[in-house]
Structures are given as C-alpha cells and as structure tokens.
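Here is a short briefing on one protein chain. Look over the sequence and the model, then read on.

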Amino acid sequence: MSFDIEIPSYKRPYTTYKNGFQSVKYYLEEIEKLKTEQKPFQFIVSRKTPDNKVLFDTNMKVTLEEYTIKEEAKEGFDIKVSIKLKQYRDYSTKTMQITIKQYRPVAVETSSSRSTNTAPTTRTYTVVKGDCLWNIAKKYYGDGSQYTKIYNANKEKIKKPSLIYPRTGFYNSLKR
C-alpha cells in the first residue's frame with residue numbers, strides 16, 4: 001500500500017493533534033524508527049463525508065517498508081513523504097486433532113469353536129506442523145499407504161489428503 005502524507009511545519013486550523021502540535025523533525029524521527037525497527041503497527045484510516053457518514057474504514061497491522069521525503073519549494077516549509085506499507089499477519093502455533101480408527105481383534109465364542117472378528121476403536125491425534133497423513137498412518141497402522149483409512153474417516157475435515165495442516169483458533173478431531 002503506497003500513499004503520500006503531508007507534514008505541516010506549523011499548526012493549521014484544519015488539523016487536530018492528539019498530543020499537541022509537533023515539529024516536522026519529530027514526525028520524521030518517528031517514521032525512521034518505524035522503518036528501522038520493522039515492528040508491526042496498527043494502520044487506521046477512517047474516511048467520512050462532511051455530514052459524518054463513513055465512506056470506508058481501514059484498520060490493519062502493517063510494517064513500514066519504504067519512505068521517501070519530497071521537498072518542493074512550492075509547498076513552502078511543509079514536507080511531503082511517500083510511504084510504502086506492507087500488511088503484517090500474525091503467525092502462531094496451529095494444532096488440530098484427528099481421530100484414527102484402529103481395528104483390533106475381538107474374541108467371539110460360539111458353541112463349536114472360537115472365531116475372531118474385528119471391531120473399530122476410535123482414538124484422536126493432534127496434528128502438528130509438518131505432519132502428513134502418510135506418516136500418521138505409518139505410526140498407527142505400521143503402513144503409510146493406509147492413510148486412506150484416516151482420510152475416509154475424516155472427509156468432512158480434510159479437503160485433500162495431501163494437504164492437512166494445523167488450523168488456528170480451534171481444535172479438530174480427526175478419526176484414526
């Protein structure tokens with residue numbers, strides 16, 4: 001996002017200053033600090049009509065990528081500064097739980113002999129960064145190619161079996 005700002009060299013009747021009027025030097029030092037520290041800050045613009053109706057609002061985290069000072073005689077003692085911002089997105093640890101069905105033999109007794117059937121048990125697994133269905137299947141089934149069992153049990157949570165990833169803000173249970 002790029003735009004120009006004007007920094008007045010003296011107080012104007014059409015401007016308001018939260019902490020009182022400051023010199024051009026003060027604002028240039030603040031801009032330089034934003035550039036060198038590269039810390040994100042909140043960028044807020046609210047555009048209103050004369051009758052106070054909101055045209056648009058902008059409120060996002062950004063970093064200052066570049067700035068250029070423009071001094072022109074026709075501007076008097078005021079300074080124009082070209083600003084270039086880049087949107088900043090917070091990153092955090094993401095987790096997701098999956099459930100894996102594991103088949104275990106269940107003994108069933110009959111009058112003549114014993115036989116073994118399989119019955120599913122359901123357990124959950126929390127997906128962490130770097131996981132894939134193949135490795136989860138290998139861990140729980142001993143064979144990575146069994147990843148389709150996990151995928152088929154979790155189709156409502158996994159769009160593509162090759163793309164699982166932890167999600168932000170909530171936990172998902174995937175069947176295993």
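Buried means under 20% relative accessible area, exposed means over 50%, and partly exposed lies in between (1.4 Å probe, protein chains only). Tyr147 counts as partly exposed because its relative accessible area is 27%. This is a predicted model, in which local features need pLDDT of at least 70, side-chain atom pairs count only at pLDDT 80 or more, and totals for chains, interfaces and linings use all residues. Residues are numbered from 1 along each chain as its sequence is written, and side-chain values use heavy atoms, with hydrogens and water left out.

**Confidence**

- The protein chain has an average pLDDT of 79 (pLDDT is the predictor's confidence in each residue, from 0 to 100).
- A score of at least 70 is reached by 78% of the residues.
- Strand 4 (residues 79–87) has the highest mean pLDDT among the elements, 94, and strand 5 the lowest, 62. Helices (H or I, at least four residues) and strands (E, at least two) are DSSP runs, numbered from the N terminus.
- Residues 110–115 have a pLDDT below 50, and beyond near neighbours in sequence this stretch has five contacts in the model (contact means heavy atoms within 4.5 Å).
- Residues 168–172 are also below 50, with nine contacts beyond near neighbours in sequence.
- Where pLDDT is low, the predicted coordinates should not be read in detail.

**Nonpolar cores**

- A nonpolar core is a set of buried Ala, Val, Leu, Ile, Met, Phe, Trp, Tyr and Cys residues joined through side-chain atoms within 4.5 Å.
- The largest core has 13 residues. Ile98, Ile100, Tyr125, Val127, Ile136 and Ile150 have the most contacts inside it.
- At least two residues of this core come from each of strand 5 (96–109), strand 6 (114–127), helix 2 (133–141) and helix 3 (147–153).
- Helix 2 gives the most, with four residues.
- Another core lies apart from this one. It has twelve residues, including Leu28, Ile31, Phe43 and Val62.

**Helix 1**

- Helix 1 (residues 24–37) has 14 residues, which at 1.5 Å a residue should span 20 Å. The expected span is 1.5 Å times one less than the number of residues. The end C-alpha atoms are 20 Å apart, which agrees.
- Val24, Leu28 and Ile31 are buried in helix 1. They sit on the same side because they cover an arc of only 60° around the axis (the arc is that of the directions from the helix axis to the C-beta atoms).
- Lys25 and Thr36 are exposed on the other side of helix 1.
- Strand 1 (2–7), strand 3 (54–70) and strand 4 are among what covers the buried residues of helix 1.
- Gln38, just after helix 1, takes a positive phi of about 50°.

**Aromatic pairs**

- The whole structure holds three aromatic pairs. Rings of Phe, Tyr and Trp (its six-membered ring) pair if their centres lie within 6.5 Å; planes under 30 degrees apart count as stacked, over 60 as edge-to-face and the rest as tilted.
- Phe3 and Phe43 are stacked, because their ring centres are 5.4 Å apart and their planes are at 25°.
- Phe3 is in strand 1 and Phe43 in strand 2 (residues 41–48), 40 residues apart.
- Phe3 is partly exposed at 25% relative accessibility, whereas Phe43 is buried at 14%.
- Trp134 and Tyr147 form a tilted pair, 6.2 Å centre to centre with 35° between the planes.
- Trp134 is in helix 2 and Tyr147 in helix 3, 13 residues apart.
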